[in-house]
Amino acid sequence: MRGEPSCPRCAGRVRAPGLFSDTWQCDRHGAVHPMQPVLPPSIEALGVAVARSQVPVWLPWPLPVGWLYTGIAHVGDDISGARATAVACSGPAPLGGFGELVLVAEELGVGLGARYAGLPGPDPGESVALYKPADAKLMAAGRPTPMFHVPDAPADRAVFVGEARGLWLWAVAWPEQSALVMYDELVLTDLREAGAELSLLPCGALSPQLLG
């Protein structure tokens with residue numbers, strides 16, 4: 001799948017660095033890291049994305065029963081490497097029907113997680129309140145990770161956000177009730193550390209949520 005880089009916050013066009021600027025530029029959001037075209041689910045494409053990423057590439061591993069890996073998006077260029085990743089997986093929702101989950105790891109200010117969450121962004125803001133108890137917990141690279149529900153997200157999805165390895169970790173589930181998977185002892189692996197296990201990953205059709 002080919003295409004042009006875009007703004008990670010609004011999907012608008014971006015201008016490459018040139019004579020008047022040494023950064024990628026969005027007319028709406030100014031200097032940004034460019035979002036590259038979404039990669040359809042294949043082990044080969046995933047391996048390339050994982051190899052160039054400067055941030056975690058989170059995926060539930062093992063995947064929930066019946067779930068498949070369904071694509072990856074990343075933000076960054078050949079010089080910076082990936083400064084944000086979004087990995088999609090899809091499968092049977094806990095209450096029936098079809099569910100989708102996108103996990104985003106990103107540096108401060110990138111805005112990719114807020115885009116998938118349907119929020120103005122670029123960061124969670126007051127959604128992460130360390131003085132409040134966590135709404136859910138998962139394991140990320142072997143560490144218990146508190147996740148906080150974001151109440152202002154659109155009604156068609158559920159959004160949780162936390163921090164792992166010093167970076168934002170977003171979990172966005174469609175439809176909203178699919179977020180029950182967050183309470184099922186979800187274990188995330190950074191695919192940069194998966195090695196040969198990547199070849200065992202079951203792949204499905206590209207998630208349309210990654211294109212949103």
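Three exercises with worked solutions follow.

This is a predicted model, in which residues are numbered from 1 along each chain as its sequence is written. Local features need pLDDT of at least 70, side-chain atom pairs count only at pLDDT 80 or more, totals for chains, interfaces and linings use all residues, and side-chain values use heavy atoms, with hydrogens and water left out.

**Exercise 1. Place arginine 157**

Task: State where arginine 157 lies, whether arginine 157 is buried or exposed, and what its side chain reaches.

Step 1. Find the element. Arginine 157 sits in the loop between strand 9 (143-149) and strand 10 (158-164). Strands (E, at least two residues) are DSSP runs, numbered from the N terminus.

Step 2. Check the accessibility. Arginine 157 has 17% relative accessibility, so arginine 157 counts as buried. Buried means under 20% relative accessible area, exposed over 50%, partly exposed in between (1.4 Å probe, protein chains only).

Step 3. Look at the side chain. It reaches the backbone oxygen of tyrosine 116 at 2.8 Å.

Step 4. List contacts (heavy atoms within 4.5 Å). Leaving out residues up to four places away in sequence, arginine 157 touches Arg115, Tyr116, Ala117, Gly118, Val172, Ala173, Trp174 and Glu176.

**Exercise 2. Trace the salt bridges**

Task: Describe the salt bridges of aspartate 27, aspartate 78 and arginine 192.

Step 1. Set the rule. A salt bridge is a side-chain nitrogen of Lys or Arg within 4 Å of a carboxyl oxygen of Asp or Glu. The whole structure holds seven salt bridges.

Step 2. Take aspartate 27. Aspartate 27 pairs with arginine 15, the closest N and O atoms being 2.3 Å apart. Aspartate 27 is in the loop between strand 2 (24-26) and strand 3 (30-32) and arginine 15 is in strand 1 (residues 14-15), so the pair ties together parts 12 residues apart in sequence. Aspartate 27 is exposed at 68%, and arginine 15 is partly exposed at 45%.

Step 3. Take aspartate 78. Its side chain meets that of arginine 52 in a salt bridge (3.4 Å, N to O). Aspartate 78 is exposed, with 75% relative accessible area.

Step 4. Take arginine 192. Its partner is aspartate 190 (2.8 Å, N to O). Arginine 192 is partly exposed at 34%, whereas aspartate 190 is buried at 1%. A network of salt bridges links Arg165, Asp190, Arg192 and Glu193.

**Exercise 3. Sort a lining**

Task: Name the residues that line the largest cavity and divide them into classes.

Step 1. Name them. The lining consists of Trp61, Leu191, Ala194, Glu197, Leu198 and Leu201.

Step 2. Divide them. Five are nonpolar, none is polar and one is charged.

Technical notes:
1 Å grid on protein atoms, 1.4 Å probe; cavity = no way out; pocket = protein on both sides within 12 Å on 5 of 7 lines; lining within 4 Å. Nonpolar A, V, L, I, M, F, W, Y, C, P; charged D, E, K, R; others polar. Helix = DSSP H or I, 4+ residues; strand = E, 2+ residues; numbered from the N terminus. Polar contact = N/O pair within 3.5 Å; in protein donor to acceptor, adjacent residues only side chain to side chain.
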